[in-house]
Amino acid sequence: MTQAQLAATLNVHQSTISYHEAVADLPAGDVVLKLATALGVTTDELLGATPLPKLDNPATDPEARRYWRRFQRLMQMPEKDRKAVIRMLDTMTKAHAAAG
């Protein structure tokens, strides 16, 4: 499906679809639902949701504590920087998934 076809299905401009692809900005919930419907997938599939691994108690798991501290520092960053980190993470996880 082309961007133009998807945009027509969703009744939005093609530039809106292009923006979400290029900038990797997460659309609003109602748009995610419409996208999933138009593409014939679930919202979980569209968002790449998979069950998270079960971590041990963060109070006793050193790795979980390290990640939690990093996440807390990330949340203190300006929104523009947080989005840049998330875009980078999304790009890397997609590349890893594509590699198999």
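What is the mean pLDDT of the protein chain, and what share of its residues reach 70 or more? This is a predicted model, and its mean pLDDT comes out at 78, with 86% of the residues reaching 70 or more. Confidence varies from element to element: helix H1, residues 3–10, has the highest mean pLDDT at 86, while helix H4, residues 43–47, has the lowest at 77. Keep in mind that where pLDDT is low, the predicted coordinates shouldn't be read in detail.

Now for the overall layout. The protein chain has 6 helices and 0 strands, so reading along the sequence just gives you α-α-α-α-α-α. Of the 100 residues in the chain, 11% are buried. As for contacts with a separation of 6 or more, 26% of them join residues that sit 24 or more positions apart.

H1 is a good place to start looking around. Two packed helices are described by the angle between their axes and the distance between the axes. Take H1 and H2: their axes come within 8 Å and cross at roughly 115°. That makes H1 roughly perpendicular to H2, because angles from 65 to 115 degrees count that way. The crossing of this pair is right-handed. On the H1 side, the residues that meet H2 are Gln 3, Ala 4, Leu 6, Ala 7 and Leu 10, and their partners in H2 are Gln 14, Ile 17, Ser 18 and Glu 21.

H1 also packs with helix H3, residues 29–39: here the axes come within 10 Å and cross at roughly 120°. That angle makes H1 oblique to H3. Once again the crossing is described as right-handed. Leu 6, Thr 9 and Leu 10 are the H1 residues involved, and across from them in H3 you'll find Lys 34, Leu 35, Ala 38 and Leu 39.

Which residues make up the largest nonpolar core? There are 5 in all: Leu 6, Ala 7, Leu 10, Ile 17 and Leu 35. H1 supplies the largest share of this core, with 3 residues. Ala 7 is worth a click: leaving aside its neighbours within four places in sequence, Ala 7 is in contact with Val 12, His 13, Gln 14 and Ile 17.

Finally, have a look at Asn 11, which is found in the loop between H1 and helix H2, residues 14–23. Most residues other than glycine have a negative phi. Asn 11 goes the other way, with a positive phi near 60°. Is Asn 11 buried or exposed? Its relative accessible area is 70%, and since anything over 50% counts as exposed, Asn 11 is exposed. Set that beside Ala 7, which belongs to the largest nonpolar core.

Note on methods
Residues numbered from 1 in each chain as written. Predicted model: local features only at pLDDT ≥ 70, side-chain atom pairs only at ≥ 80, totals over all residues. Heavy atoms only, no water. pLDDT = per-residue confidence, 0-100. Helix = DSSP H or I, 4+ residues; strand = E, 2+ residues; numbered from the N terminus. Buried < 20%, exposed > 50% of the residue type's maximum accessible area, 1.4 Å probe, protein only. Core = buried A, V, L, I, M, F, W, Y, C linked by side-chain atoms within 4.5 Å. Contact = heavy atoms within 4.5 Å. Axes fitted to C-alpha atoms, helices over the stretch in contact; angles between N-to-C directions. Parallel < 35°, antiparallel > 145°, perpendicular 65-115°, else oblique. Left-handed = near helix turned anticlockwise from the far one by under 90°.
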